[in-house]
Number of protein chains: 4
Amino acid sequence: MDVVEVVPTFEQYAFTFGGVAPLRRIAPGTALRLWSDDAFCGALRSTKDLASEKVDLRFVNPQTGPFYVEGAEPGDALALHFVAVEPARDWGASAAIPFFGGLTSTDRVATLQDPLPDTTWIYELDRARNTVTFAAQHSDLRIDLPVEPMLGTVGVAPPGGEVRSSLVPERFGGNMDTPQMRAGTTCFLGVNVEGALFSIGDGHYRQGEGEACGTAVEGAMTTTLIVELIKGAAPAWPRLEDDTHWMTVGSSRPLEDAWRIAQVELVRWFGQLYGLHAMDAYQLLSQITQAPIANVVDANYSAVVKARKSLLPRATAYGGLHDELRSRAASLL
Amino acid sequence: MDVVEVVPTFEQYAFTFGGVAPLRRIAPGTALRLWSDDAFCGALRSTKDLASEKVDLRFVNPQTGPFYVEGAEPGDALALHFVAVEPARDWGASAAIPFFGGLTSTDRVATLQDPLPDTTWIYELDRARNTVTFAAQHSDLRIDLPVEPMLGTVGVAPPGGEVRSSLVPERFGGNMDTPQMRAGTTCFLGVNVEGALFSIGDGHYRQGEGEACGTAVEGAMTTTLIVELIKGAAPAWPRLEDDTHWMTVGSSRPLEDAWRIAQVELVRWFGQLYGLHAMDAYQLLSQITQAPIANVVDANYSAVVKARKSLLPRATAYGGLHDELRSRAASLL
Amino acid sequence: MDVVEVVPTFEQYAFTFGGVAPLRRIAPGTALRLWSDDAFCGALRSTKDLASEKVDLRFVNPQTGPFYVEGAEPGDALALHFVAVEPARDWGASAAIPFFGGLTSTDRVATLQDPLPDTTWIYELDRARNTVTFAAQHSDLRIDLPVEPMLGTVGVAPPGGEVRSSLVPERFGGNMDTPQMRAGTTCFLGVNVEGALFSIGDGHYRQGEGEACGTAVEGAMTTTLIVELIKGAAPAWPRLEDDTHWMTVGSSRPLEDAWRIAQVELVRWFGQLYGLHAMDAYQLLSQITQAPIANVVDANYSAVVKARKSLLPRATAYGGLHDELRSRAASLL
Amino acid sequence: MDVVEVVPTFEQYAFTFGGVAPLRRIAPGTALRLWSDDAFCGALRSTKDLASEKVDLRFVNPQTGPFYVEGAEPGDALALHFVAVEPARDWGASAAIPFFGGLTSTDRVATLQDPLPDTTWIYELDRARNTVTFAAQHSDLRIDLPVEPMLGTVGVAPPGGEVRSSLVPERFGGNMDTPQMRAGTTCFLGVNVEGALFSIGDGHYRQGEGEACGTAVEGAMTTTLIVELIKGAAPAWPRLEDDTHWMTVGSSRPLEDAWRIAQVELVRWFGQLYGLHAMDAYQLLSQITQAPIANVVDANYSAVVKARKSLLPRATAYGGLHDELRSRAASLL
């Protein structure tokens with residue numbers, strides 16, 4: 001299986017979903033290996049690089065893409081199977097950006113208080129041990145943490161002619177910032193425009209659920225993925241599948257609405273997977289779902305709802321596509 | 001180590017935190033074995049028992065307690081270590097109660113729509129296999145699910161002379177409905193009144209995160225716990241510790257505020273555990289916390305934030321009380 | 001018509017709804033003249049008196065009451081008609097209390113930021129001109145503002161044995177902080193316990209909608225009111241009537257839920273007033289309601305929804321009680 | 001003073017802010033008379049026309065525009081002074097669209113309940129009496145209501161290359177749905193792109209605050225306005241001025257965040273108008289603002305905060321532009 005490699009130049013970065021000409025056209029079934037820059041476009045390289053001075057907020061969360069998928073039409077489902085998500089630099093960066101994050105007032109949660117101090121942390125990557133190192137700024141504590149790479153941002157062009165910042169998570173995917181978006185996961189997104197026009201970016205070497213301070217261990221990434229198309233099977237909201245879980249992602253504000261969206265979408269999916277009446281799916285899922293918060297910092301908040309496959313009778317979605325992609329992926333590793 | 005057994009009569013059930021005379025006085029260090037009725041006071045015993053007909057909403061979430069802990073004063077921390085949480089009946093019940101739950105309008109999320117159909121599910125318990133069985137009402141699907149017992153409700157009397165329904169989760173604990181409240185967990189609560197006046201109830205044979213439909217697999221429970229007191233160490237919000245995680249629970253509306261509360265409380269705790277500056281704790285926790293939603297159905301919504309101990313240098317809270325209680329608990333099993 | 005005068009001593013202040021023995025028993029039809037202290041119990045008397053130093057947060061929003069209304073039973077409606085609400089001191093006080101208010105983080109909207117500066121403003125009352133004077137602290141601006149007296153807090157004992165702080169607005173009324181609670185208004189509250197046990201307090205010499213900084217021009221007040229009882233007519237949420245408007249008040253979080261509650265309650269009321277189907281009431285009210293925010297600072301947020309009588313055919317509620325009370329009130333002025 | 005008349009063809013309607021070529025270029029100072037279609041593009045003409053059958057949701061809230069204002073650059077303020085807003089048809093339409101509105105579950109406030117019945121109301125306009133007539137569908141009640149024309153939607157192109165649906169209210173204005181957007185009001189919007197690219201639409205013959213059912217008395221409109229530009233004076237959020245009030249509009253979710261935004265923006269404006277320190281402006285506004293909810297039904301919720309000029313010392317904004325525009329407008333009437 002061939003792999004198409006793409007390393008965009010800075011000028012090729014996209015900063016929106018929609019509104020950008022395709023970087024490349026691909027056929028369903030294509031495998032891609034994509035380099036993506038970190039959320040800061042590499043601007044934070046030392047703890048002395050402060051976000052307020054070095055980060056141009058017009059140029060954050062650069063996307064690699066968009067890719068035009070041949071044959072994709074509104075109403076189809078795009079499947080993106082992540083084969084590998086690998087750090088492409090030897091350091092990651094995180095920052096407490098003034099008036100951005102979950103434990104500060106923001107332009108939306110508007111108060112009259114002063115901002116928290118603009119602070120940058122650099123995480124050195126140890127490839128041998130597969131760790132990044134947290135180094136406290138106000139004391140000597142250093143902690144090596146396992147690298148758990150993921151993509152903050154995976155999305156398609158929105159419907160209705162809208163163009164949205166790559167900072168936005170929505171029905172079209174986008175900046176969901178969930179650690180579930182990692183190697184081994186298949187992401188199903190509804191197609192809104194011809195060609196789907198998907199892109200990825202915002203690699204995280206690791207991230208806690210909620211992404212409390214607003215930024216993860218942000219790092220350039222090399223992502224290998226396989227692209228597939230399922231005609232006429234668009235989910236209403238992003239669905240994820242891996243070997244162990246059925247998952248949905250809702251994004252809105254307040255956070256309970258994000259959760260509601262994800263929970264309703266999983267009820268719908270369980271109707272398809274198991275022929276369950278909505279009331280029975282509601283009941284069953286009430287007893288088995290996990291509900292990790294994804295982010296409480298972006299333009300919308302995101303919540304994941306997931307059901308463990310091992311608790312359930314065997315079922316397949318989209319003709320067993322996830323398992324098939326896992327097999328195909330094996331040949332790429 | 002002696003164990004004090006308490007099986008309340010119906011007349012002894014408490015339905016509030018605060019406002020009730022102590023059921024019993026105990027000394028710190030006491031082990032208790034408490035029987036608690038299910039949230040419906042046992043009123044739902046068949047799928048024909050509908051909540052709207054059989055459940056008296058003045059008498060739900062019956063509490064076993066309150067217990068007056070000798071020497072407990074406002075500003076102290078009460079520690080409740082759960083040794084064992086065991087089903088006390090051979091069935092559990094769950095219900096979609098009209099205008100109650102996460103995927104329906106409610107008295108708070110008020111709409112003009114009709115309610116969802118009042119529906120009851122009964123889960124038979126198989127003690128040998130340690131499962132409860134979900135049985136769909138609109139199809140033949142039956143699924144055996146592992147029993148994972150937990151307590152929906154653990155709390156103390158609130159401050160300021162308030163008396164709160166046992167349906168409420170708050171700063172004083174209460175109806176947090178998190179699956180983390182299980183055997184092996186130590187729960188630290190700030191004491192607000194002399195004697196602390198804690199109670200427990202609302203046993204769940206299992207529950208998904210979010211408790212989507214508003215009720216878990218509700219069941220009578222036998223809970224073995226050890227009670228301890230730490231003078232002058234009241235946390236602002238409930239803290240939990242088990243062998244693997246540091247955890248906090250926030251409860252408010254909207255859900256992001258519950259999460260904020262829990263995340264800030266864990267920042268504070270990490271300041272104590274590791275001497276971390278708040279900005280460093282904010283950063284570190286942003287990269288390592290898990291954030292499972294507890295409930296999106298109660299009078300306040302609850303969110304848990306947790307940090308895995310194995311990622312962190314060794315630290316002890318409250319003089320290593322959790323480990324010590326684990327040791328003491330071993331003698332009770 | 002006789003008027004019963006009550007001036008409580010400090011020891012007689014109530015700080016909760018429910019949980020307090022009646023200050024006095026009265027018969028329906030009684031007129032009362034009640035003195036109430038300001039929300040700070042008079043502790044802020046100069047701009048040098050800071051809330052963090054002078055205000056004991058266990059003793060805020062003192063209530064005058066509760067009053068046991070003979071014959072009142074759960075399910076009845078209590079009607080309180082405000083005849084006069086008059087400043088009882090020559091100054092009012094307002095404060096930006098650290099971590100309290102609408103444009104700051106709070107214990108619920110929890111952030112890691114520093115608080116806003118603890119600041120007190122004193123408003124001198126000019127009885128001749130009926131004004132209070134805003135005096136800027138950081139510049140020389142002084143503005144005389146009309147006195148528009150209102151009560152922040154009017155409520156009855158809650159149901160279910162709950163006892164709630166006088167800072168809480170809820171289904172039982174309480175700390176709604178709406179400028180609509182003024183002379184000329186009749187407030188209808190559902191009775192939850194025998195005797196209703198209503199109280200009033202938290203006088204404001206004036207207040208903007210939203211009560212942005214968390215405190216109004218707080219002042220001791222003399223309130224003249226007439227108490228009536230309507231058997232079996234409890235509204236679900238507080239309803240207000242004056243000569244010009246039908247009004248409802250919802251209290252919850254987030255603010256949209258407070259609004260939803262009020263809007264649904266007014267739909268219900270219009271069903272009674274005009275025999276309107278819920279869909280028609282929904283439509284009609286969509287085109288005519290005003291929706292002033294009451295508070296975004298209390299334990300619940302409150303929103304008022306109101307419909308101008310002059311837009312509508314004539315209708316009467318509760319047998320025309322408001323008009324009758326207006327007549328009776330005339331004899332008291 | 002000349003007036004440029006524009007009556008767009010259906011093909012010229014814009015359905016987004018941004019992403020559309022200018023309909024026309026104009027110089028600052030230009031007066032325009034613009035015809036705009038109703039939110040349904042005229043599709044609902046009888047109570048038998050149901051939204052689910054007749055309204056193409058890709059084509060709602062048609063905008064007249066965008067207009068390229070010569071010289072407008074990012075950072076400037078665009079001033080739109082509404083001279084006249086006049087019904088352009090003899091009927092208006094309103095509808096309860098399934099899963100859209102404030103008292104129903106929606107795609108965001110997602111539940112499993114059935115929708116409310118799809119219902120359309122037609123309001124006949126009586127030009128002589130200047131009324132529209134509400135006609136109940138389930139009873140005989142008919143009520144004549146005064147026509148109070150306003151524009152639901154006034155906005156400029158968003159920043160960052162975004163393109164937003166004309167259903168969205170945001171920092172750039174848009175679908176704020178406030179009754180304050182009427183003849184006599186000047187609206188100040190920050191310019192984000194060269195030419196500003198403003199458009200208007202969504203005329204309402206009248207609307208209650210909150211726009212509870214999701215639609216007002218929607219009607220085609222003829223709007224006369226004067227366009228001005230203030231270099232380098234972009235407000236962060238929409239500001240409105242009329243002869244009686246200073247006003248700001250915030251749009252976000254949850255509703256308290258919309259209110260916070262508006263209240264902070266008015267604090268900022270009062271800093272400019274009166275040289276007030278933020279704490280003093282916070283305090284003063286807490287005692288004098290009105291806070292009418294604008295909408296609780298759109299993609300963001302909107303809240304208005306307003307301060308009555310008559311309570312305040314005289315001040316002028318933007319060099320007294322509003323007063324000047326009022327004078328110029330007089331010549332157009």
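When I speak of a strand this morning, I mean a DSSP run of E of at least two residues, with strands numbered from the N terminus. In that sense L197(D) sits in strand β16 of chain D, which covers residues 196-204. Please keep in mind throughout that what you see above is a predicted model.

Let me stay with that leucine for a moment, since its backbone deserves a look. Phi of L197(D) is near 55°, which is a positive value in a residue other than glycine. Is L197(D) buried or exposed? Its relative accessibility is 15%, and because the cut-off for buried is under 20%, L197(D) counts as buried. In chain B, L197(B) likewise has phi near 55°, again positive in a residue that is not glycine, and L197(B) belongs to strand β16, residues 196-204 of chain B. L197(B) also counts as buried, with a relative accessibility of 15%.

Two peptide bonds should be mentioned while we are on the backbone. The bond from G65(A) to P66(A) is cis, with omega near 0°, and P66(A) is part of strand β5, residues 63-69 of chain A. The bond from R253(D) to P254(D) is also cis, with omega near -5°, but P254(D) is placed in a loop, the one that runs between β19 (245-252) and α2 (255-274) of chain D.

Now to the interfaces, beginning with chain A and chain B. Here 64 residues from chain A meet 64 residues from chain B, and between them the two chains bury about 5300 Å², with carbon and sulfur atoms accounting for 66% of that area. Which elements of chain A each supply at least two residues of the side that touches chain B? They are the strands β7 (91-96), β8 (119-126), β10 (142-146) and β21 (301-308), together with the helices α2 (255-274) and α3 (278-288). Sorted by class, that side of chain A holds 38 nonpolar, 19 polar and 7 charged residues. If you were looking for salt bridges across the interface of chain A and chain B, the rule finds 0, whereas the count of residue pairs in polar contact, both at pLDDT 80 or more, is 38.

How are these two chains placed relative to one another? A turn of 180° with a shift of 0.0 Å along the axis lays chain A on chain B, with an RMSD of 0.0 Å. Within chain A, the C-alpha nearest that axis belongs to P292(A), at 2.2 Å from it. The same surface serves both copies, given that 100% of the contact residues of chain A recur in chain B.

The other interface I want to describe is that of chain D and chain B. In this case 14 residues of chain D are in contact with 14 residues of chain B, and the area buried between chain D and chain B is about 970 Å², of which 59% comes from carbon and sulfur atoms. Which three residues supply more of the area that chain D buries against chain B than any other three? They are L103(D), L112(D) and Q113(D), which supply 51% of it. Across the interface of chain D and chain B the rule again gives 0 salt bridges, and there are 6 residue pairs in polar contact, both at pLDDT 80 or more. The side of chain D that touches chain B is made up of 8 nonpolar, 4 polar and 2 charged residues.

The symmetry here can be stated in much the same way. Chain D is superposed on chain B by a rotation of 180° with 0.0 Å of shift along its axis, at an RMSD of 0.0 Å, and that is the relation of a two-fold axis. Of the interface residues of chain D, 100% are also interface residues in chain B, so the copies meet through the same surface.

I will finish inside one chain, with V55(C). This valine lies in the loop between α1 (51-54) and β5 (63-69) of chain C, and with a relative accessibility of 11% V55(C) counts as buried. What does V55(C) touch, once residues up to four places away in sequence are left out? The neighbours are F40(C), A43(C), L44(C), L50(C) and V60(C). As for L44(C), it stands 11 residues from V55(C) along the chain, and the C-alpha atoms of the two are separated by 7.7 Å.

Note on methods. Residues numbered from 1 in each chain as written. Chains lettered and ligands numbered in written order. Predicted model: local features only at pLDDT ≥ 70, side-chain atom pairs only at ≥ 80, totals over all residues. Heavy atoms only, no water. Contact = heavy atoms within 4.5 Å. Buried area = accessible area lost by both parts, 1.4 Å probe. Salt bridge = Lys/Arg side-chain N within 4 Å of Asp/Glu carboxyl O. Polar contact = N/O pair within 3.5 Å; in protein donor to acceptor, adjacent residues only side chain to side chain. Nonpolar A, V, L, I, M, F, W, Y, C, P; charged D, E, K, R; others polar. Helix = DSSP H or I, 4+ residues; strand = E, 2+ residues; numbered from the N terminus. Least-squares fit on C-alpha atoms with pLDDT ≥ 70 in both. Buried < 20%, exposed > 50% of the residue type's maximum accessible area, 1.4 Å probe, protein only.
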